Amino acid sequence: PILLFFKTIIIIVIWINANKQTEIHPKHIFRENNQEEYIDKNGIKVVIGHYVGNPAKKIPNATYDMLNTNNFHPQPNAGRNGNPVVIESRDLLTMQQLFQINRFNLLASDKIPLNRSLPDFRRKKCALKYNDSSTYPKTSVIIVFHNEAWSTLLRTVWSVINRSPSELLEEIILVDDASEREFLKNPLDDYIASLPVKTFVIRSPERIGLIKARLKGAKIAKGEVLTFLDAHCECTKGWLEALLSVIKNDRKTVVCPVIDIIHDDSFAYIKSFELHWGAFNWNLQFRWYSLGGKEMTLRKIDATQPFPSPTMAGGLFAIDKSYFFEIGSYDEGMNIWGGENLEMSFRVWQCGGRIEIAPCSHVGHIFRKSSPYTFPGGINKTLFANLARVALVWMDEWANLYFKFNEKAREMRDSQNVTSRLELRKRLQCKNFEWYLDNVWPQHFFPKEDRFFGQIKNIGEDLCLLKPERKGLSNQPMGLATIDRCLNDDIEDELFVMTKEGFIMTDDSICLDAPEREGLGPSKVRIMACSAYSRQKWVYNEKTQELRHLTNQKCLDVYNSDSLEGGLIIKKCNGANSQKWLLKRVSWK
Ligand code: LR7
Ligand code: MN
């Protein structure tokens with residue numbers, strides 16, 4: 001039985017020290033518990049969190065009335081200054097029922113006034129900048145929505161009105177993507193007619209998805225700049241000036257705020273990290289990673305300066321209106337949800353523009369753990385078809401890497417007609433994807449001619465390196481797979497890149513990492529977020545087949561024990577088979 005156990009997947013835990021570089025962004029937060037409870041000052045048990053669909057709890061479904069009734073009952077102090085909302089335990093069941101509707105705590109949201117106060121989240125220096133804001137271009141704010149809650153939608157609108165200089169605000173355009181809720185029809189029209197800023201709703205009778213809905217808004221917008229927001233955001237002080245100032249300086253820069261977190265359960269406003277930029281992994285999933293080395297250094301000089309970002313999250317950004325259309329607006333072949341953010345990011349960078357994040361602009365967004373909408377046609381015809389289009393139009397030979405590992409996108413590949421987008425790329429004389437990777441995101445972990453890409457196999461132990469489970473960016477044990485699994489080189493979790501600088505990287509920007517200087521004994525090898533540090537550099541010797549750590553000169557080794565603890569280590573080089581590694585190339589083009 002021990003041998004059988006051996007033959008199954010072996011995952012060996014390596015403890016990882018906390019590392020400042022690897023702060024975890026909200027998109028990567030996974031909570032283990034269903035609920036967060038505490039006893040408040042009055043001794044009442046309060047529940048502030050829960051997940052949807054816990055079958056053990058037998059939560060009744062939201063009723064038809066719940067879906068169609070606007071239950072906005074503000075309490076003057078609820079959520080004030082960005083604080084969490086407290087729900088008493090007697091409301092727990094209703095709260096859980098309501099949670100299903102929008103996949104956030106609707107009961108909590110409905111208690112918070114539409115104009116709740118929020119702190120100023122900016123660095124002090126930000127408040128001193130932008131005093132020439134009256135010379136900035138005016139903007140139309142475009143908010144698309146499908147079945148959004150009344151309180152979150154209108155809190156978004158009010159946060160724009162209350163925290164934008166009125167001379168910079170041309171209008172607010174709400175685009176209703178075929179919502180079914182009664183209160184989003186006439187009652188919404190009536191309500192917005194009374195707002196102090198010109199605001200109107202345009203409606204699509206059919207569900208067209210967020211991409212086409214944004215285009216609808218953009219086409220009728222009057223402002224010189226278009227500013228897009230999701231329908232569940234809250235803007236904080238100075239957010240708009242910091243965005244528009246970038247566009248005033250360069251109309252070809254698309255600029256995003258720092259996206260803070262509005263907690264989906266408690267509705268607390270939580271400041272996010274300013275040190276991240278947007279990128280993506282091999283599966284074309286949007287990810288936040290630590291800033292590149294050069295940008296990090298520049299930030300130390302002036303942390304209020306906008307910095308470039310390889311991609312944007314998609315929902316929150318400002319763009320010069322004429323540039324938006326000049327550069328190809330959106331791909332109208334994309335449906336419902338997903339992929340448009342990468343498409344626009346690649347297009348803008350490759351065709352001569354820039355994507356930047358303005359650290360003086362902070363906007364909160366409700367991050368959800370699941371999507372409340374239907375995806376008409378299914379996720380294959382929407383998200384994966386959209387991503388297939390991104391790859392086919394912008395990624396050149398790297399499209400093959402994406403299709404190799406993503407069966408669903410591969411199935412959609414042949415039915416996509418991308419001729420007009422390819423023509424656009426040609427007409428705009430856009431640079432290729434290799435240029436993008438090399439220049440916009442030099443820290444990328446994609447395979448290239450100048451680096452190794454494939455499996456890293458141990459000769460002595462018949463094992464190969466295996467990417468740890470995807471739970472977060474770091475703090476994960478490095479895995480080892482047994483030989484029967486290693487034989488199949490189509491499993492992307494066993495594929496690694498080794499750069500000419502000596503970084504052994506895998507998807508999601510994690511690197512093989514060991515201490516710079518070491519004592520005499522063996523020491524553990526860890527998986528850490530890639531950084532430019534030499535503790536992540538390795539040297540492969542084709543003759544001896546050793547993988548040596550650059551600075552401490554020890555060899556990568558497999559610790560062979562029945563308890564399977566220890567896993568990968570570095571040890572004094574001794575020529576043993578367990579220190580011999582085969583770098584087996586895998587073709588991807
Ligand atoms: O069919 C639809 N029609 C719509 O009008 C589906 C959605 N929508 C609306 C919806 O009501 C919302 O206002 O479109 C907006 C975005 O939809 P979400 O909130 O479900 O998207 P998300 O926040 O989960 O996802 C992110 O990725 C999307 C990919 O298509 C969009 O680009 C979202 O705008 C984007 N959100 C952000 O960038 C906010 C920060 C998230 C991060 C990181
Ligand atoms: Mn959103």
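Analyst: Two strands pair if DSSP finds at least two bridges between them. Strands (E, at least two residues) and helices (H or I, at least four) are DSSP runs, numbered from the N terminus. This is a predicted model, in which local features need pLDDT of at least 70, side-chain atom pairs count only at pLDDT 80 or more, and totals for chains, interfaces and linings use all residues. Residues are numbered from 1 along each chain as its sequence is written, while chains are lettered from A and ligands numbered from 1 in the order in which they are written.

User: What makes strand E21 and E26 a pair?

Analyst: Strand E21 (residues 523–524) and E26 share 2 bridges in the antiparallel sense, so the requirement of at least two is met. In this pairing Ser523 faces Ile570 of E26. Strand E25 (residues 555–558) is also antiparallel to E26, joined by 4 bridges, and there Leu556 is opposite Ile570.

User: Which side chains of strand E26 are buried, and which are not?

Analyst: A residue is buried if 20 or more other C-beta atoms lie within 10 Å of its own, exposed if 12 or fewer, and partly exposed in between, with C-beta atoms placed from the backbone. In E26 (residues 568–571), Leu568 and Ile570 point to one face and are buried; Ile569 and Lys571 point to the other face and are not. In a regular strand the side chains alternate between the two faces of the sheet.

User: What is the burial pattern on the two faces of strand E24?

Analyst: Both faces of E24 (residues 546–549) are covered. Glu546 and Arg548 are buried on one side, and Leu547 and His549 are buried on the other. E24 runs antiparallel to strand E23 (residues 538–541), with 4 bridges between them, and Asn541 is the residue opposite Glu546. The hairpin of E23 and E24 has 4 residues between the strands, and in it Gln545 takes a positive phi near 65°.

User: Why is Ile192 called partly exposed?

Analyst: Ile192 has 18 other C-beta atoms within 10 Å. That count falls between the limits for exposed and buried, so Ile192 is partly exposed. Ile192 belongs to helix H7 (residues 186–193). Leaving out residues up to four places away in sequence, Ile192 touches Thr199, Phe200 and Val201; contact here means C-beta atoms, placed from the backbone, within 7 Å. Val157 is 35 residues from Ile192 in sequence and 9.4 Å away in space, C-alpha to C-alpha.

User: Why is Tyr130 called partly exposed?

Analyst: Tyr130 has 17 other C-beta atoms within 10 Å, which puts it in the partly exposed class. Tyr130 is in the loop between helix H5 (124–128) and E3. Although not a glycine, Tyr130 has a positive phi of about 60°. Ser329, not a glycine either, has a positive phi of about 35°. Ser329 is in the loop between helix H11 (321–326) and H12 and, with 18 C-beta neighbours inside 10 Å, counts as partly exposed.

User: Which residues of helix H14 are buried?

Analyst: In H14 (residues 398–405) they are Trp398, Ala399, Leu401, Tyr402 and Phe403. Their cover includes helix H13 (378–394), helix H15 (407–413) and helix H17 (433–440).

User: Which residues come nearest to ligand 1?

Analyst: Leu210, Ala231, Ala313, Gly314 and Gly315 come nearest, of the 25 residues around ligand 1. To be near, a residue needs its C-beta atom, placed from the backbone, within 6 Å of the molecule or strand. Strand E3 (139–145), helix H8 (209–220) and helix H12 (340–350) each give two or more residues to this shell. The largest share, 3 residues, comes from H8.

User: How do you know which parts of the model have low confidence?

Analyst: pLDDT is the predictor's confidence in each residue, from 0 to 100. It stays under 50 over residues 3–41, a stretch with 70 contacts in the model beyond four places in sequence. Residues 43–55 are also below 50. Where pLDDT is low, the predicted coordinates should not be read in detail. For the protein chain, the mean pLDDT is 87, and 87% of the residues reach 70 or more. The model scores ipTM 0.99 and pTM 0.89.

Notes: Contact = placed C-beta atoms within 7 Å.
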